Amino acid sequence: MFLVLGIVRRSRWKASGKPQKSLDFRSWSNPRRVPEQRPHFESTTRPIWNGGCPASRWVRKDLVLVEELVMGNEHSFETISIGGKHIWHSLTHYYPTPLEVLRNPWIQWSVVLPREVDDARYDDIRAAARATLDVLGMETGLSHMEWFRRHDGSIAVSEVGARPPGAQFTQLVGIAHEIDFSYAWARVMIFGDFDPPKRRFAAGIAYLRGQGTGPIRSITGLDKVEAEVGHLIVGSKLPVVGHMRNTGYEGDGYMIVRHERTAVVEQVLQHIISTVHVDCG
């Protein structure tokens with residue numbers, strides 16, 4: 001491990017470290033911050049920048065993945081593949097990135113599924129995603145890919161899973177296409193059958209996160225949101241007063257929005273996360 005750290009320090013490559021036991025961004029640490037702040041690999045649910053961990057706890061029997069630290073705007077890319085042919089795709093935008101959300105517990109964030117998935121601005125990620133799946137040998141199934149558009153405009157694929165996405169993304173896809181996407185995925189896996197649906201709507205989700213520590217004390221702004229944009233909200237799971245605050249990036253509840261225009265969905269989501277407040281303590 002310390003040999004790897006030495007290489008990272010001497011190189012110009014920005015890197016991050018993750019325990020193999022949990023490879024998502026919740027367990028992310030920055031090897032360049034040794035010895036000032038050592039990654040706490042014993043915990044896979046704490047935010048980044050955990051410090052004060054003695055070196056003896058850093059060397060584990062579990063392997064550690066060291067990978068490029070990619071910065072930029074984060075997205076997902078979902079694909080249905082049958083017999084090695086990638087016949088359907090969807091994508092999302094994260095506002096802001098989940099890593100930034102975990103670094104700032106006060107942030108309420110959103111995810112948008114744009115209606116314009118076939119726009120020319122996505123030509124590069126469509127080509128890169130399909131090439132990536134070909135290299136990885138994706139034959140039949142649903143895949144979930146995380147990718148970044150760097151600040152210089154280039155793209156980077158950060159991870160791929162041969163599985164459905166989490167955080168209500170599957171529900172969002174179904175709402176945008178007016179289908180039962182879980183049922184559609186089951187048909188892919190059992191029968192190798194999928195009829196690519198037309199994306200009729202843009203959709204998005206606003207994640208509601210408790211402010212402060214301890215149990216949820218109050219929720220404000222719901223009445224205002226319901227009165228002003230309630231007709232565009234097609235699903236929700238509201239925070240519950242008295243429940244302990246959830247420290248994860250998904251927060252304590254969510255609201256799902258749908259409209260024919262992507263810009264309207266983005267505006268409504270911003271209105272929700274700036275209006276609804278979940279106070280804890």
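Let's start with His177, which counts as buried at 4% relative accessibility. Please keep in mind that we are looking at a predicted model. His177 lies in helix α5, residues 169-177. Who are its neighbours? Setting aside residues within four places in sequence, His177 is in contact with Trp88, Pro197, Lys198 and Arg199. Take Pro197: it sits 20 residues from His177 along the chain, and the two C-alpha atoms are separated by 6.3 Å. With Arg199 there is also a polar contact, side chain to side chain, at 3.4 Å.

Now walk back along the chain from α5, into the loop that links β7 to this helix. Two residues there deserve a look, Ala167 and Gln168. Ala167 has a positive phi of about 55°, although it is not a glycine. Gln168 also has a positive phi, near 70°, and again this is a residue other than glycine. Why mention this at all? Because most residues other than glycine have a negative phi. Are these two buried or exposed? Ala167 is buried, because its relative accessible area of 11% is under the 20% cut-off. Gln168, at 22%, counts as partly exposed, because that value lies between the 20% and 50% cut-offs.

Stepping back for a moment, here is the overall picture. The chain has eight helices and 13 strands. Of its 281 residues, 48% count as buried. If you take the contacts with a separation of 6 or more, residues 24 or more positions apart account for 65% of them.

On to my favourite strand, β6, residues 141-149. How much of β6 is covered? Nine of its nine residues are buried. In a regular strand the side chains alternate between the two faces of the sheet. In β6, Gly141, Ser143, Met145, Trp147 and Arg149 point one way, while Leu142, His144, Glu146 and Phe148 point the other way, and all are buried. That list is worth a second glance, since Arg149 and Glu146 are both on it.

Which strands does β6 pair with? One is β3, residues 73-82, which pairs with β6 in the antiparallel sense over nine bridges. As a landmark for that pairing, find Glu78, whose bridge partner in β6 is His144. Another is β7, residues 155-161, which runs antiparallel to β6 and is joined to it by six bridges. Here you have two landmarks: Phe148 stands opposite Ala156 in β7, and Met145 has Val160 as its bridge partner in that strand. β6 and β7 form a hairpin with five residues between them, and in the turn Gly153 has a positive phi of about 95°.

Next, a second histidine. His259 is placed in strand β12, residues 253-259. With a relative accessible area of 19%, His259 is buried, because the cut-off is 20%. What does its side chain reach? It reaches the backbone nitrogen of Arg261, at 2.9 Å. Leaving aside neighbours within four places in sequence, His259 is in contact with Phe201, Ala202, Leu232, Val264 and Val265.

Let me finish with the second largest pocket, whose volume is about 220 Å³. It is lined by 15 residues, and the closest to its centre are Tyr95, Ile107, Gln108, Gln270 and Ile273. Which elements supply at least two residues of the lining? Those are β5 (110-113), α8 (262-275) and β13 (277-280). Of the elements, α8 gives the most, with four residues. By type, the lining divides into nine nonpolar, five polar and one charged.

One more point on Tyr95, which we have just met by the pocket centre. A cis peptide bond joins Tyr95 and Pro96, with omega about -10°. Pro96 lies in the loop between β4 (85-95) and α3 (98-103). Most peptide bonds are trans. So if you have the model open, Tyr95 is a good place to pause: it is among the residues closest to the pocket centre, and it shares that cis bond with Pro96.

Definitions and conventions: Residues are numbered from 1 along each chain as its sequence is written. This is a predicted model: local features need pLDDT of at least 70, side-chain atom pairs count only at pLDDT 80 or more; totals for chains, interfaces and linings use all residues. Side-chain values use heavy atoms; hydrogens and water are left out. On a 1 Å grid over the protein atoms alone, a cavity is a set of points where a 1.4 Å probe fits but cannot get out, and a pocket is an open set with protein on both sides within 12 Å along at least five of seven lines; lining residues have an atom within 4 Å of a point. Grid points are joined across faces, edges and corners, and a volume is the space filled by probe spheres set on the points. Ala, Val, Leu, Ile, Met, Phe, Trp, Tyr, Cys and Pro count as nonpolar, Asp, Glu, Lys and Arg as charged, and the others, Gly among them, as polar. Buried means under 20% relative accessible area, exposed over 50%, partly exposed in between (1.4 Å probe, protein chains only). A polar contact is a pair of N or O atoms within 3.5 Å; within protein, one must be able to donate a hydrogen and the other to accept it, and residues adjacent in sequence count only if both atoms are side-chain atoms. Contact means heavy atoms within 4.5 Å. Two strands pair if DSSP finds at least two bridges between them.
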